[in-house]
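Trainee: I have a model open and would like to learn how to read its salt bridges. Could you walk me through them?

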Amino acid sequence: MDNRSSNANLAQDLDPVVAFDGRQSAVAAEIQRGVCRSLRVLGHSVVTELSLANGRRADVVGLTPSGDIWIVEIKSCLLDFQTDGKWTEYRPHCDRLYFAVAPDFPCHVIPDEAGLMLADRYGAHLVREPAEERLGAARRKAMMLCFARAAALRLQLHLDPGCGFEI
């Protein structure tokens, strides 16, 4: 009898993926975790589900050691990509915009100007770099403050769950 599948299921049960706000599908949450792990390996600081000034929420925002801002838009399936055209609204808020998808996603539909990552629950592989469009100073400062405040508030909530605020 082959125990590999049962061992894989056991390993996944011991390594749960927790969605930040419960709104993501299980597939999206796994992709998000893999992307975050890979960005951390690159030395980036990461915040998930970050509200932007235009009212959109970025799935993953990475802050590089040199201060560049990356946004990663997660697509859990082709239908998710086809029904969600808001990705262009993330572009003015980052230096680089990526899509992260599962390895079996039909990658030919991802726009050429966007970067591409293949991800699972354990990590992500950078397939294609995006076109880089540098942020202006004012937008960069606004994004840095947004990122810093979100990270600090989430840390405070983690350290003191009864602190009296929600994010």
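**Reading the salt bridges**

Mentor: Happily! Let's begin with one pair: a salt bridge joins the side chains of Glu 30 and Arg 121, at 2.9 Å from N to O. Glu 30 belongs to helix α2 (residues 26-41) and Arg 121 to the loop between β5 (115-120) and β6 (123-128), so this pair ties together parts that are 91 residues apart in sequence. Keep in mind that this is a predicted model.

Trainee: What can side chains of opposite charge do when their charged atoms come close?

Mentor: In general, such side chains can pair. The search of the whole structure turns up 14 salt bridges.

Trainee: Back to the opening pair: is Arg 121 buried or exposed?

Mentor: The cut-off for buried is under 20% relative accessible area. Arg 121 has 6% relative accessibility, so Arg 121 counts as buried. Its partner Glu 30 is partly exposed, with a relative accessible area of 26%.

Trainee: Which residue forms a salt bridge with Asp 68?

Mentor: That is Arg 134, and the closest N and O atoms are 2.9 Å apart. Arg 134 sits in the loop between β6 and α4 (137-159), while Asp 68 sits in the loop between β2 (57-63) and β3 (69-75), so the pair ties together parts 66 residues apart in sequence. As for accessibility, Asp 68 counts as buried at 12%, and Arg 134 counts as partly exposed at 48%.

Trainee: And where is the partner of Arg 96?

Mentor: Arg 96 meets Glu 129 in a salt bridge, side chain to side chain, with 2.7 Å from N to O. This pair also links distant parts of the chain: Arg 96 is in strand β4 (residues 96-101) and Glu 129 is in the loop between β6 and α4, 33 residues apart. Glu 129 has 42% relative accessibility and counts as partly exposed.

Trainee: Which residues are linked in a network of salt bridges?

Mentor: The network links Asp 68, Asp 95, Arg 96, Glu 129, Glu 132, Arg 134 and Arg 140.

Trainee: Now the wider view: what pattern does the protein follow along the sequence?

Mentor: The protein has four helices and six strands, and their order is α-α-β-β-β-α-β-β-β-α. Of its 167 residues, 39% count as buried. Among contacts between residues at least 6 apart in sequence, 54% join residues at least 24 apart.

Trainee: How much surface does the protein expose?

Mentor: About 9300 Å², with carbon and sulfur atoms supplying 56% of it.

Conventions: Residues numbered from 1 in each chain as written. Predicted model: local features only at pLDDT ≥ 70, side-chain atom pairs only at ≥ 80, totals over all residues. Heavy atoms only, no water. Helix = DSSP H or I, 4+ residues; strand = E, 2+ residues; numbered from the N terminus. Buried < 20%, exposed > 50% of the residue type's maximum accessible area, 1.4 Å probe, protein only. Contact = heavy atoms within 4.5 Å. Areas by Shrake-Rupley, 256 points an atom, 1.4 Å probe, with all protein chains shown as cover. Salt bridge = Lys/Arg side-chain N within 4 Å of Asp/Glu carboxyl O.
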